[in-house]
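Student: Hi! Could you walk me through this protein with me asking questions as we go?

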Amino acid sequence: PGAIKTPIWDKSLQEADEFMANAPAALEELYGELVAEVKKYALMTRDKAHPPEVVARDVIHALTATRPKTRYLEGYTATTQRIMAVLPDRLRDWVLTKSSVL
């Protein structure tokens with residue numbers, strides 16, 4: 001599955017905030033901008049995440065269908081993850097470097 005609405009998003013964001021609040025000033029200076037971008041992406045992903053019921057529906061289908069699908073992509077990030085997985089390493093690195101997240 002791609003991004004699914006679970007408590008992991010809020011827990012991770014809270015732990016990142018606590019870590020950065022207690023981090024040395026040098027760490028904030030070196031990585032503060034990157035952390036802010038990753039946090040922004042995590043918030044966006046959390047807000048667009050699909051409810052867990054969509055995964056449950058696919059699991060039930062996979063277990064009960066006469067001819068289940070070979071792959072179930074759920075959540076808006078699942079398709080992107082699937083595409084990224086088949087890219088050659090250098091192309092994947094280039095895409096990640098050019099993405100707005102990093």
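Tutor: Happy to; we'll talk about salt bridges, a pocket and a surface patch, and please keep in mind that this is a predicted model.

Student: Cool. How many salt bridges does the structure hold?

Tutor: There are 7 salt bridges. One of them pairs R46 with D10, with their closest N and O atoms 2.7 Å apart.

Student: Why does that pair tie together parts that are apart in sequence?

Tutor: R46 sits in helix α2 and D10 in helix α1, so the bridge ties together parts 36 residues apart in sequence. D10 and R46 also belong to a salt-bridge network with D47.

Student: Is D10 buried, exposed or partly exposed, and why?

Tutor: D10 counts as partly exposed because its relative accessibility is 42%, and the range for that label lies between 20% and 50%.

Student: Which residue does D17 meet in a salt bridge?

Tutor: D17 meets K39, at 2.9 Å from N to O. This pair links distant parts of the chain, with D17 in helix α1 and K39 in helix α2, 22 residues apart.

Student: New topic! What lines the second largest pocket?

Tutor: The lining includes D17 and K39, along with residues such as W9 and M20. Helix α1 gives the largest share, 7 residues. By class, the lining has 8 nonpolar, 1 polar and 2 charged residues.

Student: And how much space lies in there?

Tutor: About 170 Å³.

Student: Last one: which residues form the nonpolar patch on the surface?

Tutor: L30, Y31, L34 and V38 do, with about 390 Å² of accessible area together. Y31 lies in helix α2.

Methods
Residues are numbered from 1 along each chain as its sequence is written. This is a predicted model: local features need pLDDT of at least 70, side-chain atom pairs count only at pLDDT 80 or more; totals for chains, interfaces and linings use all residues. Side-chain values use heavy atoms; hydrogens and water are left out. On a 1 Å grid over the protein atoms alone, a cavity is a set of points where a 1.4 Å probe fits but cannot get out, and a pocket is an open set with protein on both sides within 12 Å along at least five of seven lines; lining residues have an atom within 4 Å of a point. Grid points are joined across faces, edges and corners, and a volume is the space filled by probe spheres set on the points. Helices (H or I, at least four residues) and strands (E, at least two) are DSSP runs, numbered from the N terminus. Ala, Val, Leu, Ile, Met, Phe, Trp, Tyr, Cys and Pro count as nonpolar, Asp, Glu, Lys and Arg as charged, and the others, Gly among them, as polar. Patches are made of residues with over 30% relative accessible area and no salt bridge: like charges are joined within 9 Å, nonpolar side chains (Val, Leu, Ile, Met, Phe, Trp, Tyr) within 5 Å. Accessible areas come from the Shrake-Rupley method with a 1.4 Å probe; for residues, only the protein chains shown count as cover. A salt bridge is a side-chain nitrogen of Lys or Arg within 4 Å of a carboxyl oxygen of Asp or Glu. Buried means under 20% relative accessible area, exposed over 50%, partly exposed in between (1.4 Å probe, protein chains only).
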